[in-house]
Amino acid sequence: APRISGTDFDARAKQFSEPDDPTTPVECCKFIDNVMTNTKKMYQVLFVMLPSELLRDVFSRIFAYLDHKVPSLFKAAVHSTDGNFAMPTTDEGKLRMISEIEYMFRTLNSLKGVQPWTFMAMSVLERELEITRESSGNISDEMSATGEGKQAEPVETQEQSKPTDDASESPKSHAEEKKEDDSDGHGLDKISGESPQVKPT
């Protein structure tokens with residue numbers, strides 16, 4: 001991703017102050033702004049062409065791909081041959097990077113008619129940057145409070161997770177619980193040649 005090259009989140013943290021109101025628009029770097037712009041352009045076209053159910057399915061797959069790909073691209077840029085990007089080193093820079101990514105995903109989740117996705121990219125980057133925010137995971141917390149943000153499972157996944165006996169009459173064994181845990185997933189197809197594995201918290 002050429003637009004990542006030259007991005008300095010430590011400098012951006014000094015240039016832009018963090019808003020007190022989480023709903024306030026955030027000035028994003030070129031790469032993140034480009035992802036938002038292109039995704040919204042795609043949405044404008046598909047919103048008119050697709051029935052609502054298919055629109056939700058398509059964007060769940062797109063969101064899952066972005067959730068996996070965005071952190072991967074930043075990590076790859078660190079090892080790029082041009083050597084013109086480094087992960088932020090100051091706490092302010094780390095928070096700025098996560099804040100911009102969080103704003104992007106919050107914006108995409110607000111698109112009308114899409115199934116809001118519980119994005120994990122911020123948590124992945126927090127571990128990578130070795131920083132913890134008090135507001136970490138607020139996107140999932142807010143969605144849980146409103147009953148939204150649940151990732152839709154394909155029909156085949158839902159069928160596989162159904163117990164074969166009456167679970168209400170007999171407690172599940174450890175093996176049965178493990179089997180159900182292993183079957184839980186998004187059933188995502190490959191998008192743009194990759195098949196990201198995304199597990200909700």
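## A walk through an all-helical predicted model

E53 lies in helix 3, where helices (H or I, at least four residues) and strands (E, at least two) are DSSP runs numbered from the N terminus. This is a predicted model, in which local features need pLDDT of at least 70 and side-chain atom pairs count only at pLDDT 80 or more, while totals for chains, interfaces and linings use all residues. Residues are numbered from 1 along each chain as its sequence is written, and side-chain values use heavy atoms, with hydrogens and water left out.

E53 counts as exposed because its relative accessibility is 61%, given that buried means under 20% relative accessible area, exposed over 50%, and partly exposed in between (1.4 Å probe, protein chains only). Although 62 residues separate E53 from Q115 in sequence, their C-alpha atoms are 9.5 Å apart in space. Helix 3, which covers residues 52-78, also holds S60, and S60 is buried because its relative accessibility is 7%. Leaving aside residues up to four places away in sequence, S60 touches Q115 and W117, a contact being heavy atoms within 4.5 Å.

Helix 3 itself has 27 residues and reaches 39 Å from its first C-alpha to its last, close to the 39 Å expected at 1.5 Å a residue, the expected span being 1.5 Å times one less than the number of residues. Helix 3 nevertheless bends by about 25° at K69, with a proline, P71, following within four residues; the bend is the angle between axes fitted to the seven residues ending at a position and the seven starting there.

Helix 2 (residues 30-49) contains V48, which is exposed because its relative accessible area is 65%. V48 joins V45, F47 and M49 in a nonpolar surface patch with about 420 Å² of accessible area together. Such a patch is made of residues with over 30% relative accessible area and no salt bridge, nonpolar side chains (Val, Leu, Ile, Met, Phe, Trp, Tyr) being joined within 5 Å and like charges within 9 Å; a salt bridge is a side-chain nitrogen of Lys or Arg within 4 Å of a carboxyl oxygen of Asp or Glu.

In helix 5 (residues 121-129), the buried residues include A121, M122, L125 and L129, and just after this helix E130 takes a positive phi of about 55°.

Taken as a whole, the protein chain has eight helices and zero strands. Of its 201 residues, 39% count as buried, and among contacts between residues at least 6 apart in sequence, 74% join residues at least 24 apart.

Key: Accessible areas come from the Shrake-Rupley method with a 1.4 Å probe; for residues, only the protein chains shown count as cover.
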